[in-house]
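Please open the structure in your viewer and keep the selection panel at hand. The tour goes from stop to stop, saying what to select and what is there.

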Amino acid sequence: MDYREFFFKNNFLKIFLIFLILLSYYRSPFIFINGRFFSGDLTYHFLSSNLSFFDSLTYVDFSPRYMLLISNISSLISSRLFDLKHAQYVSVYLCFLIYLRIFYQILFKNSYLFKKDYQKYLGALICLVAPVMSFEIWLNVINLQVYLGILGLVILFVKEEENNNIDYFLLIIGALSGIYVCLLTPLFLLKYLVKKNPSNLICFLILFFCSLIQFVLIFYYSMKVNPIEVVGSSALTLNNTSLTLSLSKFEIISYYYNVVVRAFIGSSIPIYLVSFFEINLSSTFFNEDHKNLLFVSSITSLIVLIFSSLFFFISIGSKKEKLIYFSLIVLFIFVSLVVIFGGDTYSLHGRYACLPAMILIFTFLYLSNESKIKWVRLFSLFLITLTIVSGLIDFRYKKFISYLDCINCPNWSEEVRKYKLDKNYKLKNWPYHKKYLLN
């Protein structure tokens, strides 16, 4: 590739990056302009302001029982460097910086996963518009661990000579901000054993020690925290995030729908079909025969997916490319097991479905170039196209617009003014909306 070709190629990538930024703004201009404290962000902001710097940075919530370092960093910055009137911007733009880093890694770094230019363009676009990148996790720091998981996945497949200190730093942040990045530890070890490159060893050691910290915290707080703590006359029930090995029919159905089906056809199409055929989902799941039918269908489809993945493995030519495909399948299994058995809800939607579904989508994007069988490549491209089209339909889907445009929200400046006059005043911020079955 000569200099002119390289120059113009990168210019196209830069233009595409600008397009992604504009598309991000289009999804929720209200959030970019006004900022927001989402869910527990405001609580963490006030908590951080009352703690020392070190305690705020290393704070561990009893509910997840592992460290959410990125949330601690956001609260630390907002509570110490910004007035309350402007503090709500910190979490939004910190999330967007991680988004930009994901786009940058995919578009501008040499990767084993995104080898061709079309894979770079589609991979970056998928990270923004894929239907599983749901409204629940959009630009809020509480769920930023999902995006850090995607970023860790992208870093895993970056070619060794492309690794730098920023990648090492981001892996530390990611691994200390949840479990998802920690799941990459054995794959970085495998990458080091195959490539014998020092950068892979550094990545493995970073994740090994960070994972050790997280699992010690999980064990410690699981032993220390009771499921119910009585405070005065009221009982505070903590989320049940302990590992359980039971698996219900509903969880299998929910997993198949939210991870496999929604990865490619999104939310709006199933919701339209449910409305068109006048299906009552509540009565469906309470009807044992209907639930059994859905369960058998889900299990059968998952078995077909498993055997298909074996066939796709055989369709890949070289051993090196098979190893990359194998790594994607292993990571998909690891993440799926964590969200199924480690989640605090029976409905595996939203933040729980996002990462395994994204790995599945990336796997088909990889097959679209590496499979030696033409129909497999075409089928993979069809699924990727379906993902993007359904994602664009869902992008500002009216049913969930309240996650993107705060409908009838209180004026934040006025709320802050009232709070400064009366410290007992309860600030009204962006409400945490109800979860939908077909979210």
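Begin with helix H3 (41–49), helix H5 (69–81) and helix H6 (88–108), each of which supplies at least two residues of the lining of the largest cavity; helices here are DSSP runs of H or I with at least four residues, numbered from the N terminus. This is a predicted model, in which local features need pLDDT of at least 70 and side-chain atom pairs count only at pLDDT 80 or more, while totals for chains, interfaces and linings use all residues. Residues are numbered from 1 along each chain as its sequence is written, and side-chain values use heavy atoms, with hydrogens and water left out.

Now select Phe37, Asp41, His45, Ser71, Ser74, Ser75, Ser78, Ala87, Val90, Ser91 and Val141, which line that cavity. On a 1 Å grid over the protein atoms alone, a cavity is a set of points where a 1.4 Å probe fits but cannot get out, a pocket is an open set with protein on both sides within 12 Å along at least five of seven lines, and lining residues have an atom within 4 Å of a point. The volume of the largest cavity, taken as the space filled by probe spheres set on grid points joined across faces, edges and corners, is about 60 Å³. H5 gives the largest share of the lining, four residues, and by class the lining has four nonpolar, six polar and one charged residues. Here Ala, Val, Leu, Ile, Met, Phe, Trp, Tyr, Cys and Pro count as nonpolar, Asp, Glu, Lys and Arg as charged, and the others, Gly among them, as polar.

Stay with helix H6 and select Arg101 together with Lys109 and Asp167, which are linked in a network of salt bridges, a salt bridge being a side-chain nitrogen of Lys or Arg within 4 Å of a carboxyl oxygen of Asp or Glu. Between Asp167 and Arg101 the closest N and O atoms are 3.3 Å apart. Asp167 lies in helix H9 (residues 165–175) and Arg101 in helix H6, so this pair ties together parts that are 66 residues apart in sequence. In the salt bridge of Lys109 with Asp167, the closest N and O atoms are 2.9 Å apart, and this pair links the loop between H6 and H7, where Lys109 is, with helix H9, 58 residues away along the chain. Is Lys109 buried or exposed? With a relative accessible area of 3%, Lys109 is buried, the term for under 20%, as against exposed for over 50% and partly exposed in between (1.4 Å probe, protein chains only).

Next, select Leu139, in the loop between helix H7 (117–129) and helix H8 (144–156). Leu139 has a phi near 50°, a positive value in a residue other than glycine, and is buried at 1% relative accessibility. Compare Lys196, in the loop between helix H10 (185–195) and H11, where phi is also positive, at about 55°, but the residue counts as exposed at 55% relative accessibility.

For the last stop, show helix H12 (249–265), helix H15 (288–315), helix H16 (319–342) and helix H17 (351–370), each supplying at least two residues of the lining of the second largest pocket. This pocket has a volume of about 600 Å³ and is lined by 26 residues, among which Leu302, Leu305, Ile306, Phe332 and Ile333 lie nearest its centre. The lining has 22 nonpolar, four polar and no charged residues.
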